[in-house]
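Colleague: I would like to go through this structure with you slowly, asking at each step why a term is used. Could you show it to me?

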Amino acid sequence: MPPIPGSGLAKGLAVTLRTMTKRTVTAQYPDVQPELPPRTRGVIGLFEENCTVCMLCARECPDWCIYIDSHKETVPAAAPGGRERSRNVLDRFAIDFALCMYCGICIEVCPFDALFWSPEFEYAETDIHELTHERDKLREWMWTVPEPPALDPGAEEPKEIAAARKTAEKLQAAQEAEQAVATDRATEQDAAQDGEQGGQE
């Protein structure tokens, strides 16, 4: 059956009329901040205390946009007779966000949880050279990282928490055992003193 002349125009006008009667939804950015999903990839925050300068993030980065400088420092022996140790000290940690493609490989490969996704996205610059952010700025973004989502009710407890709980329970049991032994000794000493006093009488 051939189409009715003007049916396409009628359909288009119907869509227009339906749209005109709906309420418009306008994001009033920047006056109103958008509600971002919890796993938004904005920028990368650095938790400097966890970084051991292992260079895994810089080596695995496909864009080579992570710059790390460090130096070795000698740590004195912890106990007398022990030996000195050397450790890496972080001097520079920078990410060039003009090159970064937000793949998240650096965050995934970091074995010490020093890198995290932050939902911050307002870091545009007029000069491309200013998109290389140093560790001070990366550390500021660290405090905008949201807390990890809660575990499902039926999920297993994380291994780290389970291990810490077992250690705490062992320590508590050892302390209780020591207290019980101390109480028994005190009771025995009291009984012995009472016996000595009775013998003297």
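Modeller: Here it is, and please keep in mind from the start that this is a predicted model. A good place to begin is the largest pocket, which has a volume of about 590 Å³. Its lining is made up of 19 residues, and those closest to its centre are Pro38, Arg39, Trp117, Pro148 and Pro149.

Colleague: What makes a residue part of the lining of the largest pocket, and which strand gives the most to it?

Modeller: A residue counts as lining because it has an atom within 4 Å of a point of the pocket. Strand 4 gives the most, with 4 residues, and helix 3 (105–109) and strand 4 (115–118) each supply at least two residues of this lining. By class, the lining of the largest pocket divides into 11 nonpolar, 3 polar and 5 charged residues.

Colleague: Why are other spaces in the model called cavities, and how many of them are there?

Modeller: The word cavity is used because a 1.4 Å probe fits there but cannot get out, whereas a pocket is open. The structure holds 2 cavities of 30 Å³ or more. The largest cavity has about 100 Å³ of space, and among its 15 lining residues Cys51, Cys54, Cys57, Cys110 and Ala114 lie nearest its centre. The second largest cavity has a volume of about 80 Å³, and it is lined by 14 residues, with Cys61, Cys65, Cys100, Cys103 and Cys106 closest to its centre.

Colleague: How do the linings of these cavities divide by class?

Modeller: For the largest cavity, 13 lining residues are nonpolar, 2 are polar and none is charged. For the second largest cavity, the division is 12 nonpolar, 1 polar and 1 charged. Cysteine is counted here as nonpolar.

Colleague: How do you know that strand 2 and strand 3 pair?

Modeller: Two strands are said to pair if there are at least two bridges between them. Strand 2 and strand 3 (residues 85–96) have 10 bridges and run in the antiparallel sense, so they meet the condition of at least two bridges. Within this pairing, Ser70 stands opposite Leu90 in strand 3.

Colleague: What makes strand 2 and strand 5 the edge strands of the sheet?

Modeller: The open sheet has 3 strands in the order 2-3-5, with antiparallel pairing. Strand 2 (66–75) and strand 5 (132–133) each pair on one side only, and that is what an edge strand does. Helix 4 (residues 135–142) packs on this sheet, touching strand 3 and strand 5, and the direction of helix 4 makes about 85 degrees with that of strand 3.

Colleague: Why is His133 called buried, and what is it in contact with?

Modeller: Buried means under 20% relative accessible area, and His133 is called buried because its value is 8%. His133 lies in strand 5. Leaving aside neighbours within four places in sequence, His133 has contacts that include Phe93, Tyr123, Leu138 and Trp141.

Colleague: Why is Val25 called exposed?

Modeller: Exposed means over 50%, and Val25 is called exposed because its relative accessible area is 82%. Val25 is in the loop between helix 1 (7–21) and strand 1. Pro30 is in the loop between helix 1 and strand 1 as well, and a cis peptide bond joins Tyr29 and Pro30, with omega about 10 degrees.

Colleague: What makes Val53 and Tyr102 worth a remark?

Modeller: Most residues other than glycine have a negative phi. Val53, however, has a positive phi of about 55 degrees, and Tyr102 has a positive phi of about 60 degrees. Val53 is found in the loop between strand 1 and helix 2 (56–60), while Tyr102 is in the loop between strand 3 and helix 3.

Colleague: Is each of them buried, exposed or partly exposed, and how do you know?

Modeller: Val53 has a relative accessible area of 6%, so it is buried, since the cut-off for buried is under 20%. Tyr102 has 25% relative accessibility and therefore counts as partly exposed, a term kept for values between the cut-offs of 20% and 50%.

Technical notes. Residues are numbered from 1 along each chain as its sequence is written. This is a predicted model: local features need pLDDT of at least 70, side-chain atom pairs count only at pLDDT 80 or more; totals for chains, interfaces and linings use all residues. Side-chain values use heavy atoms; hydrogens and water are left out. On a 1 Å grid over the protein atoms alone, a cavity is a set of points where a 1.4 Å probe fits but cannot get out, and a pocket is an open set with protein on both sides within 12 Å along at least five of seven lines; lining residues have an atom within 4 Å of a point. Grid points are joined across faces, edges and corners, and a volume is the space filled by probe spheres set on the points. Contact means heavy atoms within 4.5 Å. Axes are lines fitted to C-alpha atoms, for helices over the stretch in contact, and angles run from 0 to 180 degrees between N-to-C directions. Buried means under 20% relative accessible area, exposed over 50%, partly exposed in between (1.4 Å probe, protein chains only).
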